[in-house]
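Here are a few quick exercises to work through with the model open. Try each one before you read the solution.

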Amino acid sequence: MTAATLLGNTYDKLEMYKEAAPYLTIAADAGDSDSQLALGLMYYRGDGVTKNLQLALKYSKEYLIATDNPVIQGVVGGIYYELGGADNFKKSYEYFTLSAKRGNAQAYAHLGLMYLFGKYVEKDVSKTKEYLDIGINNNVSFATYTRGLMYENGFEEEVNPSKAMELYKRAAELGNIDAQQQLSELKIKYTNLK
């Protein structure tokens, strides 16, 4: 382990991202996979560096070459999705599919969103529900929240405020801030619901 790797990873573990970035860059560019992962995530979230999806993609894909990690396949799918555009949505779908086939529930939930909104794929309500439900069964908060929205607004579902509230409560318990807000609004709108 080089000094740059040691310093970069130490700062990263201490969440001192600004200090970690230069050392992680040296180590990542030298091929250290742990540094590639840390740096890719920092650029993806904007921790200690300016958020940069291109650099997040570069370092995350380099990490994947060394590890073939299904969770990071999903992260790469998410980066491509955020970049937007037909080519990137296609790559996003490919990475989410690879990750989902290896059991990543978050990747399934992202595929559900792609089918819901018709990003790269044709809209498909049955696949949307199937994939979001895999996410719900594995405590993926955004999948739970999205199904709540579907029930509340009758989007590919029959309007069911009680079911929406149940899903919002669960998503809120999983830490989804949007679900907490939506739950408050739904309680006001339907004062007879608990």
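**Exercise 1.** Take the contacts between residues at least 6 apart in sequence, and work out what share joins residues at least 24 apart.

*Solution.* Start by keeping just the pairs whose heavy atoms come within 4.5 Å. Then drop the pairs closer than the 6-residue separation; of what's left in this predicted model, 41% link residues at least 24 apart.

**Exercise 2.** Describe the secondary structure and overall dimensions of the chain.

*Solution.* First, tally the elements: you get 11 helices and zero strands. Reading from the N terminus, that's α-α-α-α-α-α-α-α-α-α-α. Next, box the C-alpha atoms along the principal axes, which gives roughly 60 × 35 × 25 Å.

**Exercise 3.** What do burial, surface and charge look like for the chain?

*Solution.* Begin with burial: of the 194 residues, 46% are buried. Now the surface: about 10200 Å² is exposed, with carbon and sulfur atoms supplying 50% of that. Last, the charges: there are 21 positive and 24 negative side chains, and the centres of these two sets sit 3 Å apart.

**Exercise 4.** Is Thr146 buried or exposed, and what surrounds its side chain?

*Solution.* Locate Thr146 in helix H9, which spans residues 141–153. Its relative accessibility is 10%, so Thr146 counts as buried, the cut-off being under 20%. Then look for a polar partner: a polar atom of the Thr146 side chain lies 2.7 Å from the backbone oxygen of Phe142. Finally, leave out residues up to four places away in sequence, and Thr146 touches Leu113, Leu116 and Leu132.

Conventions
Residues are numbered from 1 along each chain as its sequence is written. This is a predicted model: local features need pLDDT of at least 70, side-chain atom pairs count only at pLDDT 80 or more; totals for chains, interfaces and linings use all residues. Side-chain values use heavy atoms; hydrogens and water are left out. Helices (H or I, at least four residues) and strands (E, at least two) are DSSP runs, numbered from the N terminus. Buried means under 20% relative accessible area, exposed over 50%, partly exposed in between (1.4 Å probe, protein chains only). Accessible areas come from the Shrake-Rupley method with a 1.4 Å probe; for residues, only the protein chains shown count as cover. Lys and Arg count as positive and Asp and Glu as negative; His and the chain ends are not counted. The place of a charge is taken as NZ of Lys, CZ of Arg, CG of Asp or CD of Glu. A polar contact is a pair of N or O atoms within 3.5 Å; within protein, one must be able to donate a hydrogen and the other to accept it, and residues adjacent in sequence count only if both atoms are side-chain atoms.
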